[in-house]
Structure formats: C-alpha cells, structure tokens
Amino acid sequence: MRRIFAFAIVVLAVGLLLPQRSSSSNPASASPVAEGWIAAWNSQDPAKWATYFTPDIYYEDVTFGEISRGTAEASKFAASFFTDVPDLKLELADSSMEGNHGSIQWILSGTDKGIFKTGKKFKVRGASIITINHGKISRSIDYYDLATIMKQVGVLPAS
C-alpha cells in the first residue's frame with residue numbers, strides 16, 4: 001500500500017511540474033512578439049507594420065524569393081502584399097520563443113487581387129523563423145506553400 005501511495009505522489013508531483021498547454025483558441029497568447037507579428041500584418045498599414053521591426057530588419061519571403069533589408073525595403077514589400085491581397089488576414093496558430101529566437105506558425109487567408117489576379121480566395125498555413133532584438137523583430141524568414149495558393153485560386157489543377 002505504501003508503494004502505491006508513494007507512486008501516486010510521484011506521478012502527481014511530476015504532473016504538476018510539467019508545463020501546461022493552453023486549450024484556448026489562441027495557444028500562443030503568451031508570446032507578445034508573435035502577437036505583434038500577426039498584428040503588424042493585420043494592420044494592412046506599411047508604416048504601422050514597420051513599427052514591429054527593427055530599422056535594420058532582414059525580411060525574407062522564401063516562397064517568392066523576396067529579400068528586404070531595412071525598413072524602407074521591408075515596408076515596400078509589405079505594401080505590395082497589402083495591395084495584392086487587400087483583405088489579407090493572418091491568424092496565429094502557435095509560437096515558440098527561446099531567448100531571442102523563435103518560430104511563429106500562422107494561417108494566411110485573403111483574396112488574390114494582384115498575385116495571379118484571379119479574384120479568388122485562398123487560405124494557406126505558414127511559418128516564420130524570427131530573431132528578436134530589444135523587443136522587436138530584427139529578422140523574419142517566412143515559409144509557406146505557393147502550390148496550395150495556386151490550386152485554390154485556379155492557377156494549378158486542384159489534384
């Protein structure tokens with residue numbers, strides 16, 4: 001009986017010490033940097049977007065092979081994306097931050113007005129690898145699947 005009681009105490013102690021995952025609809029709510037990244041894109045305002053990043057931001061969109069260095073280039077890239085997808089919306093799926101590095105998983109949706117000019121809606125998952133400097137993002141590298149977007153807007157066959 002003592003063994004069972006001791007085992008139960010150990011299991012309870014270990015369970016209390018393990019990190020708890022949130023069951024809320026926004027699992028990354030504890031990460032202000034991830035929330036800021038999402039808010040920057042959802043602002044659809046290049047000037048406001050730029051306030052979430054350091055002046056020497058390195059921003060890479062791997063999917064389109066776009067590299068922007070510094071606020072002016074990065075803001076221009078963001079502005080073009082806001083024009084191409086005027087109803088752009090990002091949802092935070094998850095994030096992980098360790099020191100000054102992290103990842104943000106997100107869902108991008110909107111209407112293709114300027115990428116392929118189809119006028120059709122799309123939704124795609126993606127991830128960004130980021131570096132943080134003094135509470136702002138100094139490096140962001142985005143990965144998402146262009147073929148998924150192309151299928152959804154009718155540029156590629158669905159299957």
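These legends walk through several close-up views of one predicted model. Local features are taken where pLDDT is at least 70, side-chain atom pairs count only at pLDDT 80 or more, and totals for chains, interfaces and linings use all residues. Numbering starts from 1 along each chain as its sequence is written, and side-chain values use heavy atoms, with hydrogens and water left out.

**View 1. The whole chain holds five helices and six strands.** Helices (H or I, at least four residues) and strands (E, at least two) are DSSP runs, numbered from the N terminus. Reading from that end, the order is α-α-α-β-β-α-β-β-β-β-α. Of the 159 residues, 36% are buried, meaning under 20% relative accessible area with a 1.4 Å probe and protein chains only; exposed means over 50%, and partly exposed lies in between. The chain exposes about 9500 Å², with 59% of that supplied by carbon and sulfur atoms; these areas come from the Shrake-Rupley method with a 1.4 Å probe. Among contacts (heavy atoms within 4.5 Å) with a separation of 6 or more, 53% join residues 24 or more positions apart.

**View 2. Strand β1 has a partner strand in β2 and another in β6.** Strands pair if DSSP finds at least two bridges between them. β1 (residues 53–61) and β6 (residues 136–144) run parallel over five bridges, while four bridges join β1 to the antiparallel β2 (residues 66–69). Look for Tyr58: its bridge partner in β6 is Arg139, and in β2 it stands opposite Arg69. Seven of the nine residues of β1 are buried, so the rest of the structure largely encloses this strand. β1 and β2 form a hairpin with four residues between them, and Gly65 in the turn has a positive phi of about 65 degrees.

**View 3. Trp37, Trp41, Trp49 and Tyr59 touch the most other members of the largest nonpolar core.** A nonpolar core is a set of buried Ala, Val, Leu, Ile, Met, Phe, Trp, Tyr and Cys residues joined through side-chain atoms within 4.5 Å. This one has 33 residues, and helix α2 (residues 32–42) gives the largest share, six residues. Leaving aside residues up to four places away in sequence, Trp41 touches Trp49, Tyr59, Phe77, Ala78, Phe81, Phe82, Leu88 and Leu90.

**View 4. Helix α4 (residues 70–84) has its buried residues on the same side.** They are Gly70, Ala74, Ser75, Phe77, Ala78, Phe81 and Phe82. They cover an arc of only 160 degrees around the axis, taken from the directions from the helix axis to the C-beta atoms. Their packing partners are α2, α3 (46–50), β1, β2, β4 and β6. Over on the other side, Ala72, Lys76 and Thr83 are exposed. As for length, the 15 residues should span 21 Å, and the end C-alpha atoms are indeed 21 Å apart; the expected span is 1.5 Å times one less than the number of residues.

**View 5. Two loop residues, Lys117 and His134, have a positive phi without being glycine.** Most residues other than glycine have a negative phi. Lys117, with phi near 60 degrees, sits in the loop between β4 (101–111) and β5 (121–133). Its relative accessible area is 64%, so Lys117 is exposed. His134 has a phi of about 55 degrees and belongs to the loop between β5 and β6. At 79% relative accessibility, His134 is exposed too.
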